[in-house]
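Trainee: Please take a close look at a single part of this structure, and set it in the context of the chains around it.

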Amino acid sequence: MSLTTPLFASFGGAIEFIFSPQASNVTGGKTVGGIDQVIELTFDQLEVTVLALLLAIVIALPAGLYFGHRGKGELLAIGLGNTGRAIPELGLIALMAAVIGVGLFNLTVALAILGIPPILVNTFVGVREVDRSTVEAARGMGMTQFEVIRKVEAPMAVTSIFTGIRTAAIGIVATATIAPLAGVATLGEFILGENVYGTNGVVAGAIVVALLALALEFSLAGLQRLLTSKGLKLRRT
Amino acid sequence: MASLAALPLAAAGEVGEGFFRDRTTRPCQASSSHLFCWDWAREHIDRYGTPALQQLELVAISVVLGFLIAFTLALIAHRRRWLRPPLLAGTGILYAIPSISFFLLLLPITGRSRLTAIIALSAYTLQIIYRNVTVGLDNVPASAKDSARGMGMTDRQILWRVELPLALPEIIGGLRIATVSTIAIATLAVFAGAGGLGPLILNGPNLHFPTTIVMVIAIVVVMALTFDAILLAIQYFATPWRRARSS
């Protein structure tokens, strides 16, 4: 009993922090937490995540489709993927804050940099794995290069492309948690500001961040199902 | 951060040996535009050894633990296919939860400890390894399994002598991705109170001293790519038949 009581007390306090404002001993009488602040910071984190993800997609998707279509740059793509995975998020955000400066724009760019490698590599691999005879058949039907990419290669690579986008989204939303280090308020505010928000705030932040990440993951999985062509779904079952 | 202004603005050339040994001063901070101060890095490189090893230890334990669990799950799902969707979804959820969040959610249960970091990091590797082992086993040609059966092998013999060796490239591929990403993510283990290289970035005035940050990034990337190369070499020597086929 004595072992489990503090455990539930801590999670209970965090849940309380999410729904109703609490007194803080450093803000001079002002309350912290509560559902309004939680919703506001959740939207802040979602905003920077979506901006960065869109920027990463706009850059990496066309590049992956092009290089996959041409069958060029395999070593470059794989090397980029490996190095991208090896970059510590905390280091990247701190370096950006220290060298380039803080702010929403810089943060978006830094987060997009984290998202580019998985999208680029998975798009590239997905397009490369499209059956060459299918591509030849499309050419035989008189499709232009652009049509081959748009109507054949991209739809058939959609599973791989979405694997990349979902990996990127998971990395970006997770890293957006430490955005307060770069001067942008997100749910990380609760996590990094333990002296203001207390332990309850830290655990509350962790709970909401986890829920936000899962919501994003499920939304992208749903979007993937919508965008997968009916013919491909039939083939798989 | 406030301590930045108090630093002495001495040029590197004007000071004697004792100055560099005194770890409280940083000559390069005189010009904040310096991205990387070689003198400081050379002088303080020994500071990074212990945290780097600490981070590697966390990763090694987490990846081995994650591999044992994911590999077992994949073998179970190999025979009982109905287990596949729930296992994929379950490991997917563990993968999607941001590590920093995972660390902090464990705090009320396991406290600020290495155990907290190890649980969260191995949970993160499950999906990557599980998916690769499953794909590897699925890609084994039916003809290879039929031949093995024709030679009189039992299911268990087929699994260990035919299917798993043929799936080795995918399995090691998963291990490589898991190892490289975990080495990078373990920098966040500072939030679990488990040490590693993260504290060097997060604590003290270093948040505005790029040299430390560049050093940490460089060490992490080099460690990750080194272990990637080691695993690639293991795959190369463990699958001699692939070389025979390609030559």
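Mentor: Among the contacts in chain A between residues at least 6 apart in sequence, 76% join residues at least 24 apart. This is a predicted model, and the values below are computed from it. Chain A holds eleven helices and two strands, and from the N terminus on its elements run α-β-β-α-α-α-α-α-α-α-α-α-α. Its C-alpha trace spans about 75 × 45 × 30 Å along the principal axes, and 46% of its 237 residues count as buried.

Chain B has eleven helices and zero strands, which gives the pattern α-α-α-α-α-α-α-α-α-α-α along the sequence. Of its 247 residues, 38% are buried. For contacts in chain B with a separation of 6 or more, residues 24 or more positions apart account for 71%.

The part chosen for the close look is helix H4 of chain B, residues 84-96. H4(B) has 13 residues and reaches 18 Å from its first C-alpha to its last, close to the 18 Å expected at 1.5 Å a residue. Its buried residues are B:Leu87, B:Thr91, B:Tyr95 and B:Ala96. They lie on the same side of H4(B) because they cover an arc of only 160 degrees around the axis. As general background, an α-helix has 3.6 residues a turn, so residues three or four places apart point the same way. The face of H4(B) turned away from the buried side carries the exposed residues B:Pro85, B:Pro86 and B:Ala89.

What do the buried residues of H4(B) pack against? Their partners come from both chains: helix H8 (158-175) and helix H10 (194-227) of chain A, together with helix H3 (46-79) and helix H6 (114-138) of chain B.

This leads to the contact between the chains, in which 35 residues of chain B meet 32 residues of chain A. On the chain B side, the elements that give two or more residues are H4, helix H5 (99-110), helix H8 (155-185), helix H9 (198-202) and helix H10 (210-238). H10(B) provides the largest share of that side, with ten residues. By class, the side of chain B that touches chain A has 28 nonpolar, six polar and one charged residues.

One residue of chain A shows such contacts in detail. A:Pro88 is placed in the loop between helix H3 (74-86) and helix H4 (89-99) of chain A. With 27 other C-beta atoms within 10 Å, where 20 or more are required, A:Pro88 is therefore buried. Leaving aside neighbours within four places in sequence, A:Pro88 is in contact with B:Ala184, B:Thr187, B:Val216, B:Ile217 and B:Val220. Within its own chain, A:Pro88 is 132 residues from A:Leu220 in sequence and 24 Å from it in space, C-alpha to C-alpha.

Chain A also offers a helix pair to set beside H4(B). Helix H2 (residues 35-70) and helix H7 (residues 145-156) of chain A pack at an angle of about 90 degrees, with their axes 11 Å apart. H2(A) and H7(A) are therefore roughly perpendicular to each other. In this contact A:Leu65, A:Gly68 and A:His69 of H2(A) meet A:Ile149, A:Glu153 and A:Ala154 of H7(A). These residues divide into three nonpolar, two polar and one charged.

How values were computed. Residues are numbered from 1 along each chain as its sequence is written. Chains are lettered from A and ligands numbered from 1 in the order in which they are written. This is a predicted model: local features need pLDDT of at least 70, side-chain atom pairs count only at pLDDT 80 or more; totals for chains, interfaces and linings use all residues. Helices (H or I, at least four residues) and strands (E, at least two) are DSSP runs, numbered from the N terminus. The expected span of a helix is 1.5 Å times one less than its number of residues. A residue is buried if 20 or more other C-beta atoms lie within 10 Å of its own, exposed if 12 or fewer, and partly exposed in between; C-beta atoms are placed from the backbone. The arc is that of the directions from the helix axis to the C-beta atoms. Two residues are in contact if their C-beta atoms, placed from the backbone, lie within 7 Å. Ala, Val, Leu, Ile, Met, Phe, Trp, Tyr, Cys and Pro count as nonpolar, Asp, Glu, Lys and Arg as charged, and the others, Gly among them, as polar. Axes are lines fitted to C-alpha atoms, for helices over the stretch in contact, and angles run from 0 to 180 degrees between N-to-C directions. Angles under 35 degrees count as roughly parallel, over 145 as roughly antiparallel, 65 to 115 as roughly perpendicular and the rest as oblique.
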